[in-house]
Amino acid sequence: MPIFEVSGVLVVFALILAVLVAFLTEVVPNDVTAISVVAALVVLEPWTGVGARTAISGFANPATVTIIAMYMLSAGVQETGIVERLGVYLADFVDGEEYRALVATVCTTGPIAGFVNNTPVVAVFVPMVTDLAENTNLSPSKLLLPLSYAAILGGTLTLIGTSTNILASDFARLLIDGRDGIGMFEFTALGAVLLIVGLTYLLTVGWRLTPARVPVDGDSVSEFDLDDYLTVVQVRPSSPGVGLTVEAFDDAHPSVRILQARRDGEAYAGPHSDRLVEAGDRLVVHGSVETVDRFCDEADLAQRGRQSVTEDTFDTAETDGTLAKAVVPDHSRYVGATVGEAGFHDFHETTVLAVRRGGDLYRTDLADRTLEAGDLLLVRTTPAAIDYFTDTGDLVVADERAVDGFASKPAAEIAPLSEKTPVAIAILAGVVGLAAIDGLPIVIAALGGVVAMVVTGCLTTADAYDAVSWNVIFLLAGVIPLGLALESTGGAAVVSEFLVSTGDLLPPVGVLFVLYLVAGLLASVITPVATAVLMIPVGIDAAARLGANEFAFLLAVMFASATSFMTPVGYQTNLMVYGPGGYKFTDFLRVGGPLQLLLAVVATAGIVLGWGL
């Protein structure tokens, strides 16, 4: 290899190493890392061979545009209320039985995720599944991890099931002679096998391996260890707070937060209440022992001994203040902002009481705490705020106490269907049908579907833009040119040479299996999208060197990237259930590891039988 080419390969490898380290440490958001790659590729053009036009080509890539359109189409279907209605029917089917709850959860989520983006599906199902768990006297942890895994499995059913499938189709068009992408249902048979095998695992071995981390009737105050941070105080006649509104009294003492005022057996939500404080009122306040003691001294208040504060304390408020748990999804605009900057208190009458991040629990100095994707927040909030967070998708409410119970209301009242439901379903079916019969390229069919959704009133333009996980799009657009640089400099050939060398010890099917395992491991520690971009060129080059079927090797990377179970950071739906389920990092390895290995064997065998080597 010429010196110039060697230096180019080394530069690209150095960039890839830097990207992997950035992804693993998350020193900056992954999408920011990806955009930085675009700039670096151009600056290093003499070695990478990537100019400005090529560097930004990821934004015009058909896969990128298709994924944007599919986010919007999924939002249009979600707006119809049909997914929520299915959740109500699930409750009727379960009828209080534990195992039925598991069956209903995984067997419904999987097929839906084949046609609707699995992230919003999981967002809608998290509170419903939590409610199912409560109604069946079952720990939510036993259902939430299977929920995520079933949604991931469903993504293998169709071309539009997940972004990595769409990306793989574009790579097939670019890198494999005679291929014009991948058909809508070309791999559905194998995807269905993987779904069945995966669901069978979740209903048997996985059911036993999944831990019950969250207590069945756990109280959120105890779950977040807030017993010493929620206190009841009483207003003395001499207190300077007498005659002030609850809101004014709260604003005068920013070190604590007044969450509720109680008088004559009635409770009133705060801290935004305009109710006047009177002598004898009891106030539920949030703050450390030291700040509450200081508040009592300054405001002449008496502490009510060790009077306990629980979830039920907040459910009695006349103005509907309640406790709720909420997850920060990876596409939330709050990611990277502090709790104070997010404006929960100022704009949404919501107080953050605690933040759980993995095994860490934060209960003090919350205003300065920077929020990260996957954080679980315990908040004192209102129904209006819950509706806002749910509509925008900036927080995923994951607490059954914050949503209406299923048993007391008819399905039509709990989850009303939009009059546009048949139209939206027909548009999605039309997009799938046109792409399936090659009537239109998938990117054009999807864009046409979005236009139809907007024109028919199924989706507003604002909702369409809000539905897109732009961080995923920027991540995709940023890493695509890195994959091109890996291919053009010969870096993919270098990596594939190492892969091919295993052919001295293994038959081609063994090499295919090794490729699947490596791609699956990478997807678990970085992102599925980045794994597909980096490994598909490697797999195709390795196949060419072995004289094997290039498309078979592409499918191996595609399926491995789309089925990442072993870590909470490997797939965004795993991150969404991480906090609400109270899981440890090792739970994903214990439950997801065997599943990922099982699917590696089944998928490799299915690819060989279906497409040959």
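User: Which residues touch the most other members of the largest nonpolar core?
Analyst: In this predicted model, the largest nonpolar core holds 156 residues, and Tyr149, Leu167, Ile182, Leu226, Leu482, Leu554 and Phe559 are the ones that touch the most other members.

User: And which helix gives the largest share of this core?
Analyst: That is helix 28, residues 528-546, from which 11 residues of the core come.

User: What about a second core, which residues does that include?
Analyst: A second core, separate from the largest one, has 17 residues, among them Ala342, Leu377, Val379 and Ala385.

User: Back to Tyr149, what is it in contact with?
Analyst: Setting aside neighbours within four places in sequence, Tyr149 is in contact with Leu202, Phe565, Asn574, Phe588, Val591, Gly592 and Leu595. Tyr149 has a relative accessible area of 0% and is therefore buried.

User: How many aromatic pairs are there, and what sort do Tyr149 and Phe565 form?
Analyst: The whole structure has 12 aromatic pairs. Tyr149 and Phe565 form one that is edge-to-face, with 4.9 Å centre to centre and 75 degrees between the planes. Tyr149 belongs to helix 10, whereas Phe565 sits in the loop between helix 29 (550-562) and helix 30 (572-578), so the pair ties together parts that lie 416 residues apart in sequence. Phe565, like its partner, is buried, with a relative accessible area of 0%.

User: And Tyr334 with Phe389, what geometry there?
Analyst: That aromatic pair is also edge-to-face, at 6.5 Å centre to centre with 80 degrees between the planes. Tyr334 is in the loop between strand 6 (322-327) and helix 18 (339-342), while Phe389 is in helix 20 (residues 383-392), and the two are 55 residues apart. Both Tyr334 and Phe389 are buried, and ring pairs link them with Phe344 and Tyr388 into a cluster.

User: Switching to the sheet, what is the strand order?
Analyst: Five strands form an open sheet in the order 3-2-4-1-5, with antiparallel pairing. Strand 3 (266-269) and strand 5 (301-303) are the edge strands, each pairing on one side only, and the twist from one strand to the next averages 30 degrees.

User: What packs on it?
Analyst: Helix 16, residues 289-299, packs on the sheet and touches strand 1 (230-235), strand 2, strand 4 and strand 5, and the direction of the helix makes about 140 degrees with that of strand 5.

User: How many bridges pair strand 2 with strand 4?
Analyst: Strand 2 (residues 257-263) pairs with strand 4 (residues 282-286) over five bridges, in the antiparallel sense, and Arg262 stands opposite Arg282 in strand 4.

User: Arg257 is in strand 2 too, so is it buried or exposed?
Analyst: Arg257 counts as buried because its relative accessibility is 18%, the cut-off for buried being under 20%. The side chains of Arg257 and Asp250 are joined by a polar contact of 2.6 Å. Not counting residues up to four places away in sequence, Arg257 touches Asp250, Pro271, Val284, Val285, His286, His345 and Thr351.

User: One last topic, what is phi at Asn137 and at Asp438?
Analyst: Most residues other than glycine have a negative phi. Asn137, however, has a positive phi near 55 degrees, and Asp438 a positive phi near 60 degrees. Asn137 lies in the loop between helix 9 (118-135) and helix 10 (141-154) and is partly exposed, with a relative accessible area of 49%. Asp438 lies in the loop between helix 22 (421-436) and helix 23 (442-455) and counts as exposed at 64% relative accessibility.

Key: Residues are numbered from 1 along each chain as its sequence is written. This is a predicted model: local features need pLDDT of at least 70, side-chain atom pairs count only at pLDDT 80 or more; totals for chains, interfaces and linings use all residues. Side-chain values use heavy atoms; hydrogens and water are left out. Two strands pair if DSSP finds at least two bridges between them. Helices (H or I, at least four residues) and strands (E, at least two) are DSSP runs, numbered from the N terminus. Axes are lines fitted to C-alpha atoms, for helices over the stretch in contact, and angles run from 0 to 180 degrees between N-to-C directions. Contact means heavy atoms within 4.5 Å. A nonpolar core is a set of buried Ala, Val, Leu, Ile, Met, Phe, Trp, Tyr and Cys residues joined through side-chain atoms within 4.5 Å. Buried means under 20% relative accessible area, exposed over 50%, partly exposed in between (1.4 Å probe, protein chains only). A polar contact is a pair of N or O atoms within 3.5 Å; within protein, one must be able to donate a hydrogen and the other to accept it, and residues adjacent in sequence count only if both atoms are side-chain atoms. Rings of Phe, Tyr and Trp (its six-membered ring) pair if their centres lie within 6.5 Å; planes under 30 degrees apart count as stacked, over 60 as edge-to-face and the rest as tilted.
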